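Me: I'd like to learn how to read a few features of a protein model. Could you walk me through them?

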Amino acid sequence: MAKFVWHYVDSGKCSPSYNMALDEALLDLHSRGEIGPVLRFYEWSPATLSIGYFQRIEKDIDMEKVKELGLGFVRRPTGGRGVLHEHELTYSVIVSENYPEMPETVTEAYRVISGGLLEGFRNLGLQAEFSIPDSDVTNQLRNPKSGVCFDAPSWYELVVEGKKVAGSAQTRQKGVILQHGAILLSLDVDKLTSIFKYSSEALKERVRRTLPDRAIAIDRLSDRDITIDECKVAFSQGFEKSLDITLEPLELTDEQMELVRQIEKEKYANDEWNFKK
């Protein structure tokens, strides 16, 4: 039987507002039936702090530090907590909720989509596995002590030796699932922890000290340098195997690119969206 064909988009390094606008535009175009399901890879220029849709800046984020470090800033359309996009490959998957054998529940859909990440890590020679949080971690996810995404693994995120190596978030709109996430190539713990607010200096120090026990990057898992390009090959092949699909490059039309620019201008490049909570 012929495999399903998905679109493949490699955006390279883009601005934070463009990255989020393109993800949303691809979701819109898929919902209209103009394009099929999509696997996209991208990077960030400049390095960027993205925060979850429901996250409160005043409570969680030290914006003065963000500006001091010259970081970009954007609010994602997905939930979850803050992510520093610096030394990483970011992926997004756009697929209909009624796609064959796609589970209805968010948690199980994570499992199916994230299977591509699992195979990708294996292609790199790394033995990742799905996280299944124990009761203590589950309680922590409900009542997080910090706004840092990599502070704890959620259901079916990828861990190596119990440490989170890829974090993802998901939204469902117009009958379409958008899941995107960060594959860590390297992690600057001091920079990451410096851009968040904490209820006390003691908590800040505890997060800074314990984060390396909770999160790990590819450069600490391999004795060789693994490049972004190598990751793109490994993870694209991982998604092809896990989802039993074939990837074909997608080039958006001028009209479709205008939709991206419109969404960027009206939402992700707009302070009213980014600072609304």
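Me: Which classes of residue line the second largest pocket, and how many of each?

Reply: A pocket is an open set of points on a 1 Å grid over the protein atoms alone, with protein on both sides within 12 Å along at least five of seven lines; a lining residue has an atom within 4 Å of a point. Ala, Val, Leu, Ile, Met, Phe, Trp, Tyr, Cys and Pro count as nonpolar, Asp, Glu, Lys and Arg as charged, and the others, Gly among them, as polar. Here the lining has eight nonpolar, one polar and three charged residues. This is a predicted model, where local features need pLDDT of at least 70, side-chain atom pairs count only at pLDDT 80 or more, and totals for chains, interfaces and linings use all residues. Residues are numbered from 1 along each chain as its sequence is written, and side-chain values use heavy atoms, leaving out hydrogens and water.

Me: How much space lies in that second largest pocket?

Reply: A volume is the space filled by probe spheres set on grid points, which are joined across faces, edges and corners. For this pocket that's about 280 Å³. Of its 12 lining residues, Tyr99, Pro100, Glu101, Leu243 and Asp244 are the closest to the centre.

Me: Tyr99 has a ring. How do I read a pair of rings?

Reply: You describe a pair of aromatic rings by the distance of the centres and the angle of the planes. Rings of Phe, Tyr and Trp (its six-membered ring) pair if their centres lie within 6.5 Å; planes under 30 degrees apart are stacked, over 60 edge-to-face, and the rest tilted. There are 10 aromatic pairs in this structure. In one of them, Trp6 and Tyr99 have ring centres 5.6 Å apart and planes at 90°, so the pair is edge-to-face. Trp6 sits in strand 1 (residues 4-14) and Tyr99 in the loop between strand 6 (88-96) and helix 4 (106-123), so to speak 93 residues apart.

Me: And how do I read a sheet?

Reply: Strands of a sheet pair through backbone hydrogen bonds, either parallel or antiparallel. Strands (E, at least two residues) and helices (H or I, at least four) are DSSP runs numbered from the N terminus, and two strands pair if DSSP finds at least two bridges between them. One open sheet here has three strands in the order 4-3-5, with mixed pairing. Its edge strands, each pairing on one side only, are strand 4 (72-75) and strand 5 (83-85).

Me: Which residue stands opposite Val83 in strand 5?

Reply: That's Ser50. Strand 3 (residues 48-51) pairs with strand 5 in the antiparallel sense over three bridges.

Notes
On a 1 Å grid over the protein atoms alone, a cavity is a set of points where a 1.4 Å probe fits but cannot get out, and a pocket is an open set with protein on both sides within 12 Å along at least five of seven lines; lining residues have an atom within 4 Å of a point.
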